[in-house]
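Got the viewer open? Here is a short tour: at each stop, select what is named and look around.

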Amino acid sequence: QLCRAAAGGLLTSVWIHNIAVPPVIHFGTKEQKEKIRQVIEGKAVACLAISEPIVGSDVARIQTTARIDGDNFIVNGEKYWISGGMKAKYFITAVRTGSKESGRKGLSMLLIERGPGVFTSRLPLQGHGCSNTAYVVFRNCKVPRQNLMGELNNGFKLVMYNFNQE
């Protein structure tokens, strides 16, 4: 009924949790699952940040980087067409932790909390205004190493598992 009423944006704004939360549920640590509890309880918004302006959703070519710096990752890059990104507290994000040449073997998934170094701007979408779709920029964003989901450089499998559920 929502789609018939041309309310695609509303459907998208509700559906984002069905694509953002599963990676944490299936691959996250106990602490990560506790953080995402706020989303499940309807007290916070999470989004899945995979697509990028240059490579689109070609996951093996992701350019957003996360380099290890002590107990943190330093994340730099851009994500595009991120449903729910304007209001998200949590960004479930695919990042390159290996070399550019490593392709799918150099990807990891991070749970990034909105804070310093996370910038969002709304994408103007006809009929999808309430989807809060965003262009997301990470600039020297510090992410605790404990926010890594799964194993370092093994994030491609997590993304593909999640895409199969979508």
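Two strands count as paired if DSSP finds at least two bridges between them. With that in hand, start on S3 and S7, which pair in the antiparallel sense over eight bridges. Keep in mind throughout that this is a predicted model.

**Stop 1: S3 and its partners**

Select strand S3, residues 72-82, together with strand S7, residues 134-144. For a landmark in this pairing, pick glycine 77: phenylalanine 138 in S7 stands opposite.

Now add strand S2, residues 65-69. S2 and S3 also run antiparallel, and five bridges join them. You can step along with two pairs: threonine 65 stands opposite asparagine 76 in S3, and arginine 67 has isoleucine 74 as its bridge partner in S3. Then follow the backbone round the hairpin of S2 and S3, which leaves two residues between the strands. Click on glycine 70 in this hairpin, and you'll find a positive phi near 65°.

**Stop 2: the aromatic pairs**

Show the rings of Phe, Tyr and Trp. How many aromatic pairs does the model have? The count comes to three. We'll visit two of them.

Go to phenylalanine 27 and tyrosine 161, an edge-to-face pair with 5.3 Å centre to centre and 90° between the planes. This pair links distant parts of the chain: phenylalanine 27 belongs to helix H2 (residues 22-27), tyrosine 161 to helix H4 (residues 155-165), and the two are 134 residues apart. Switch on a surface here: phenylalanine 27 counts as partly exposed because its relative accessibility is 28%, and tyrosine 161 gets the label partly exposed at 32%.

Next, swing back to the S3 and S7 strands and select tyrosine 80 and tyrosine 135. They are edge-to-face as well, at 5.9 Å centre to centre and 65° between the planes. Tyrosine 80 sits in S3 and tyrosine 135 in S7, 55 residues apart. Tyrosine 80 is partly exposed at 35% relative accessibility, and tyrosine 135 is partly exposed too, with a relative accessible area of 24%.

**Stop 3: threonine 97 and its surroundings**

Select threonine 97, in the loop between strand S4 (90-96) and strand S5 (107-113). Which side chain does threonine 97 join in a polar contact? Serine 108 is the one, at 2.7 Å. Expand the selection, leaving aside neighbours within four places in sequence, and the contacts of threonine 97 also include Ala66, Phe73, Leu152 and Asn153.

Hop over to that last contact. Asparagine 153 lies in the loop between strand S8 (148-149) and H4. Check its backbone: phi is positive, about 65°, although asparagine 153 is not a glycine. At 27% relative accessibility, asparagine 153 counts as partly exposed.

While you're looking at backbone angles, select asparagine 140 in strand S7. Here phi is near 50°, again a positive value in a residue other than glycine. Buried or exposed? Asparagine 140 is exposed, with a relative accessible area of 54%.

**Stop 4: helix H3**

Select helix H3, residues 30-40. Colour Gln32, Ile36 and Val39, which are buried. Look down the axis of H3: these buried residues fall within an arc of 25°, so they line one face of the helix. The spacing fits a general rule: an α-helix has 3.6 residues a turn, so residues three or four places apart point the same way. Turn to the face of H3 that points away from the buried side, and you'll meet the exposed residues Lys30 and Glu31. Just past the helix, click on glycine 42, which follows H3 and has a positive phi near 80°.

**Last stop: the cysteines**

Select cysteine 47 and cysteine 141. Cysteine 47 is buried, with a relative accessible area of 0%. Cysteine 141 counts as buried because its relative accessibility is 2%. And how many disulfides does a search of the whole structure find? Zero.

Technical notes. Residues are numbered from 1 along each chain as its sequence is written. This is a predicted model: local features need pLDDT of at least 70, side-chain atom pairs count only at pLDDT 80 or more; totals for chains, interfaces and linings use all residues. Side-chain values use heavy atoms; hydrogens and water are left out. Rings of Phe, Tyr and Trp (its six-membered ring) pair if their centres lie within 6.5 Å; planes under 30 degrees apart count as stacked, over 60 as edge-to-face and the rest as tilted. Helices (H or I, at least four residues) and strands (E, at least two) are DSSP runs, numbered from the N terminus. Buried means under 20% relative accessible area, exposed over 50%, partly exposed in between (1.4 Å probe, protein chains only). A polar contact is a pair of N or O atoms within 3.5 Å; within protein, one must be able to donate a hydrogen and the other to accept it, and residues adjacent in sequence count only if both atoms are side-chain atoms. Contact means heavy atoms within 4.5 Å. A disulfide is a pair of cysteine sulfur atoms within 2.5 Å. The arc is that of the directions from the helix axis to the C-beta atoms.
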